[in-house]
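The following exercises concern confidence, helix geometry and a pocket. Each task is followed by a worked solution.

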Amino acid sequence: MTDPLARFIRLSDALREGRPRPDRQAAAFTAAALVHAEGQEAELVAACQARHDALETALGGFRAPNGSMRWVYAAMLAAHNVAVDNFLGARDALRQARAASNTGSLHAGGSRAALILSFGDATPQAVDAFFEMKRTLRPPWWRANTAITDTFAAAHVLAGSHPAAVLAARAHAEAVFGADRQARGHRRDGARQCVLLEQSPEQMLVRFHQLEEARRAEPGLRGRSDRAMAMDWAAAGRTPADLAEIARVMAAMPKASTSVGHGRTRLAALIAFNDHERDPARSANALAAVIAAQAAMIAAASAATIAATSASS
């Protein structure tokens, strides 16, 4: 494959030349979801646009996924060569089974879980397994987050994991991270990723400290990254040398691609490394990273707007 940054730029530009077209921010995240997929760039863009059109027809303007996330979903489906009907079928099956599951609401109307399940065979058995996994993994109500629970429950089902085994492995990983002064604040997120990606928590903790030291020493990442990212990178198997590549890509990205700050850093990491493999765990983590990058972009844009308003008032 050619240089991923150059490929990202071409994909982003091609998406912006089409009709309908995503805005610049959505085009960046959509291109990031396509950049490591197999296939010619023109074919990938056409497949993404066709899936976006099919989602528009089926879901209208307001049902999730909507807005820029609809483009990201279309890109993820195209990257995995999944038909929109498979996604819609999984979404409908989840919505129909939700009430009897006694697991509370579904994130985005079941769209997040349906996307991940559609990477495999979203059979009735898979839907039942999803709700069993969700019942097991749901945290107490005061720290409930359906986006996180649905993402990881669906990914574990696709990976063929057993709920009790996942819960036990998470408890062990949380204990390892919780005993460490620097890692304890990110112990739950670290444990989720550690178990999903089948990492040793002890080895992942060593990588976390190495990456945290490297992150602070890398000029391009100081102020544009944090410990949460170091934990993400440790779970993904990154090395200190990889951080220099993330900084290089971030510096070379077109300024119009996305915001400054953490959103830009997360997007650069998505471009630099291929974590969109056809492995369900990595696909789910890649999706989560895209969404985290978008959230950081929105937060940065909001902060800039507030600052500008305060300065003019």
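The pLDDT is the predictor's confidence in each residue, on a scale from 0 to 100. The structure shown is a predicted model.

**Exercise 1.** Determine which helices have the lowest and the highest mean pLDDT among the elements of the chain.

*Solution.* Begin with the chain: its mean pLDDT is 86, and 85% of its residues reach 70 or more. Next, take the elements: helix H15 (residues 280-312) has the lowest mean, 47, whereas helix H9 (residues 163-178) has the highest, 98. Finally, locate the weak stretch: the pLDDT is below 50 over residues 296-313, and this stretch has nine contacts in the model beyond near neighbours in sequence. Where pLDDT is low, predicted coordinates should not be read in detail.

**Exercise 2.** Test the length of H9 against the expected span, and establish where its buried residues lie around the axis.

*Solution.* At 1.5 Å a residue, the 16 residues of H9 should span 22 Å. The end C-alpha atoms of H9 are 22 Å apart, which agrees. The buried residues of H9 are Pro163, Val166, Arg170, Ala173, Val176 and Phe177. Viewed down the axis, these buried residues fall within an arc of 145°, so they line one face of the helix. Their packing partners are helices H7 (124-137), H8 (146-158), H10 (187-196), H11 (201-217) and H12 (227-235).

**Exercise 3.** Describe the second largest pocket by its volume and its lining.

*Solution.* The volume of the second largest pocket is about 350 Å³. Of its 19 lining residues, Leu137, Pro139, Arg143, Arg170 and Arg192 are the closest to the centre. The elements giving two or more residues to the lining are H7, H8, H9 and H10. Arg170 thus appears twice: among the buried residues of H9 and in the lining of this pocket.

Key. Residues are numbered from 1 along each chain as its sequence is written. This is a predicted model: local features need pLDDT of at least 70, side-chain atom pairs count only at pLDDT 80 or more; totals for chains, interfaces and linings use all residues. Side-chain values use heavy atoms; hydrogens and water are left out. Helices (H or I, at least four residues) and strands (E, at least two) are DSSP runs, numbered from the N terminus. The expected span of a helix is 1.5 Å times one less than its number of residues. Buried means under 20% relative accessible area, exposed over 50%, partly exposed in between (1.4 Å probe, protein chains only). The arc is that of the directions from the helix axis to the C-beta atoms. Contact means heavy atoms within 4.5 Å. On a 1 Å grid over the protein atoms alone, a cavity is a set of points where a 1.4 Å probe fits but cannot get out, and a pocket is an open set with protein on both sides within 12 Å along at least five of seven lines; lining residues have an atom within 4 Å of a point. Grid points are joined across faces, edges and corners, and a volume is the space filled by probe spheres set on the points.
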